[in-house]
Amino acid sequence: MYIFETYLDLRQHTALKLPTLPKTLEGVISQEKFEKSRAYSLDKSHFHFIHEFVTILMDSAILFFRVLPWFWKRSGDFVTLVGLNAENEILHTLAFLGGVMIWSQITDLPFSLYSTFVVEARHGFNKQTIWLFFRDMVKGICLAVILGPPIVSAIIVIVQKGGAYLAIYLWAFMFVLSLVMMTLYPVLIAPLFNKFTPLPEGELRLKIEKLASSLKFPLKKLFVVDGSTRSSHSNAYMYGFFKNKRIVLYDTLIQQCKDDEEIVAVIAHELGHWKLNHTMYSFIAVQLGVMACPYVNSYSPRPHKASGAKHTIIPLQHLVSFALNLVSRSFEFQADAFAKKLGYASALRAGLVKLQEENLSAMNTDPWYSAYHYSHPPLVERLDAMINRTRKQTDAGNLMDDEH
């Protein structure tokens with residue numbers, strides 16, 4: 001998998017080095033923005049090569065030198081040392097996973113620091129201080145300490161008691177857990193890291209509420225999140241179940257898209273996902289993907305064995321991920337078409353171009369790399385799809401007029 005994905009990375013790196021814009025973006029994206037995007041993308045690509053190479057060396061060394069079984073024994077010694085029963089598989093597993101988490105934090109920290117404070121800062125995206133960086137990291141560790149033990153304990157009990165229906169019980173538990181986390185994350189967890197404030201009264205709020213009302217979207221709250229405290233990248237999303245829907249705009253999106261109509265067009269695209277039931281279909285697809293990749297060891301739930309077994313199904317996981325990307329990409333085209341049908345074609349194009357420019361997203365992309373990695377089609381493909389769809393509709397309209 002590493003060799004295959006490195007090949008795709010090399011193809012993408014070659015595409016990023018192209019000195020000219022794709023024809024679709026000529027005259028749409030300024031040369032200055034293109035050069036900045038190109039430099040940023042190449043910087044990230046170089047960093048990615050190094051990160052992946054170091055990662056594959058560490059993972060291979062851990063497997064070759066049987067580090068996981070050794071660490072499983074040492075974690076049992078630790079449980080005994082603190083006066084607990086090492087024969088209790090739950091306590092033993094929590095000690096093991098705690099050590100793995102500490103190891104992961106230590107080995108990944110240099111890369112996270114370099115990515116944030118060198119690569120992102122060099123291109124003007126990083127807005128967080130070193131204090132905020134470490135505060136977020138500590139919060140994440142605390143959440144893992146609070147949420148991890150009960151989840152891990154439940155999984156171990158299911159593995160011990162599941163018998164012949166282990167895979168079904170485990171999937172059912174993960175299904176319920178994902179629903180719970182989808183409900184709790186935006187309400188309890190996300191506010192620990194960002195500040196959410198109601199979108200102020202004004203023209204933008206009125207337009208979004210009017211759009212939601214016209215589509216019968218049960219909008220309960222409209223928030224602005226202070227994404228600018230960490231990065232100047234922008235985004236927008238919606239969440240919530242049934243009649244309790246909420247829309248969140250990044251403050252950077254509002255700052256970058258000065259025209260309210262462009263922001264409303266982006267929201268129209270997001271509401272298209274809701275209207276076309278993409279959220280439900282995506283959730284079902286993900287759950288089917290989870291079912292397709294069971295790797296629990298039926299005779300022992302010991303984590304060092306599960307971690308080893310996990311590597312054997314990585315190709316299957318990547319195939320499932322590729323299939324999910326294909327579904328997601330088709331949904332993006334449909335949501336674009338939905339926004340266009342509502343009369344936001346011009347504003348959506350302008351909004352997508354503005355986001356592409358301000359986020360310095362890659363302008364040239366390799367088609368193989370894009371198909372394999374991107375859950376969202378590149379801007380060129382989205383603009384081409386909208387233009388081609390317009391031409392087809394125009395041709396069809398002219399044909400009807402001729403027949404009439």
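In the predicted model, N364 is situated in the loop that runs between helix α12 and helix α13 (367–373). With a relative accessibility of 10%, N364 counts as buried, since the cut-off for that class is under 20% relative accessible area. Apart from residues up to four places away in sequence, N364 touches Q12, A15, L16, L18, T20, L21, P22 and F34. One of these residues, T20, is also linked to N364 through a polar approach, in which a polar atom of the N364 side chain lies 3.0 Å from the backbone oxygen of T20.

The strands of the model include an open sheet of 4 strands, arranged in the order β1-β2-β4-β3 and with mixed pairing. Strands β1 (196–198) and β3 form the edges, each of them pairing on one side only, and the twist from one strand to the next averages 30°. Helix α7 (residues 203–214) packs on this sheet, where it touches β1, β2 and β4, and the direction of α7 makes about 140° with that of β2.

Strand β4 (residues 245–250) has 5 of its 6 residues buried and is therefore largely enclosed by the rest of the structure. The pairing of β4 with strand β2 (residues 219–225) is parallel and extends over 6 bridges; within this pairing, L222 has I247 of β4 as its bridge partner, and V225 is likewise matched with Y250 of β4. The pairing of β4 with strand β3 (residues 236–239) is antiparallel and extends over 4 bridges, with R246 of β4 serving as the bridge partner of Y239. In a regular strand, side chains alternate between the two faces of the sheet.

The largest nonpolar core comprises 38 residues, and those with the most contacts inside this core are L25, I208, L211, I247, L249 and I267. Two or more residues are given to the core by each of α7, β2, β4, α9, α12 and α14 (379–403), with α12 providing the largest share, 8 residues. Contacts of L211, once its neighbours within four places in sequence are left aside, are made with V264, I267, A268, L271, L342 and Y344. A second, separate core of 6 residues includes Y40, F47, F125 and L360. In soluble globular proteins, nonpolar side chains tend to be buried together.

An unreviewed UniProt entry lists H269, H273 and E332 under "binding site". Although these three positions are spread over 64 residues of sequence, they cluster in space, the largest C-alpha distance among them being 8.2 Å. H273 belongs to helix α9 (residues 260–275), and its relative accessible area of 9% places H273 in the buried class, for which the limit is under 20%. The side chains of H273 and H269 are joined by a polar contact of 3.1 Å. Beyond its neighbours within four places in sequence, H273 is in contact with M238, H278, T279, F331, E332 and A335, so that the listed residue E332 is among the contacts of the listed residue H273.

E332, which lies in helix α12 (residues 314–358), is also buried, at 4% relative accessibility. When residues up to four places away in sequence are not counted, E332 touches both H269 and H273, together with S375, H376, P377 and R382. The annotated glutamate thus contacts both annotated histidines.

Helix α9 also contains W274, which at 21% relative accessibility counts as partly exposed, the class that lies between under 20% and over 50%. Residues touched by W274, not counting those up to four places away in sequence, are L215, K216, F217, P218, M238 and K245. Among these contacts, F217 is separated from W274 by 57 residues in sequence, while the C-alpha atoms of the two residues are 8.3 Å apart in space. M238 appears in the contact list of W274 and also in that of H273.

Note on methods
Residues are numbered from 1 along each chain as its sequence is written. This is a predicted model: local features need pLDDT of at least 70, side-chain atom pairs count only at pLDDT 80 or more; totals for chains, interfaces and linings use all residues. Side-chain values use heavy atoms; hydrogens and water are left out. Buried means under 20% relative accessible area, exposed over 50%, partly exposed in between (1.4 Å probe, protein chains only). Two strands pair if DSSP finds at least two bridges between them. UniProt positions are given in the numbering used here, feature names are shortened, and annotations may be inferred rather than shown by experiment. Contact means heavy atoms within 4.5 Å. A polar contact is a pair of N or O atoms within 3.5 Å; within protein, one must be able to donate a hydrogen and the other to accept it, and residues adjacent in sequence count only if both atoms are side-chain atoms. Axes are lines fitted to C-alpha atoms, for helices over the stretch in contact, and angles run from 0 to 180 degrees between N-to-C directions. A nonpolar core is a set of buried Ala, Val, Leu, Ile, Met, Phe, Trp, Tyr and Cys residues joined through side-chain atoms within 4.5 Å.
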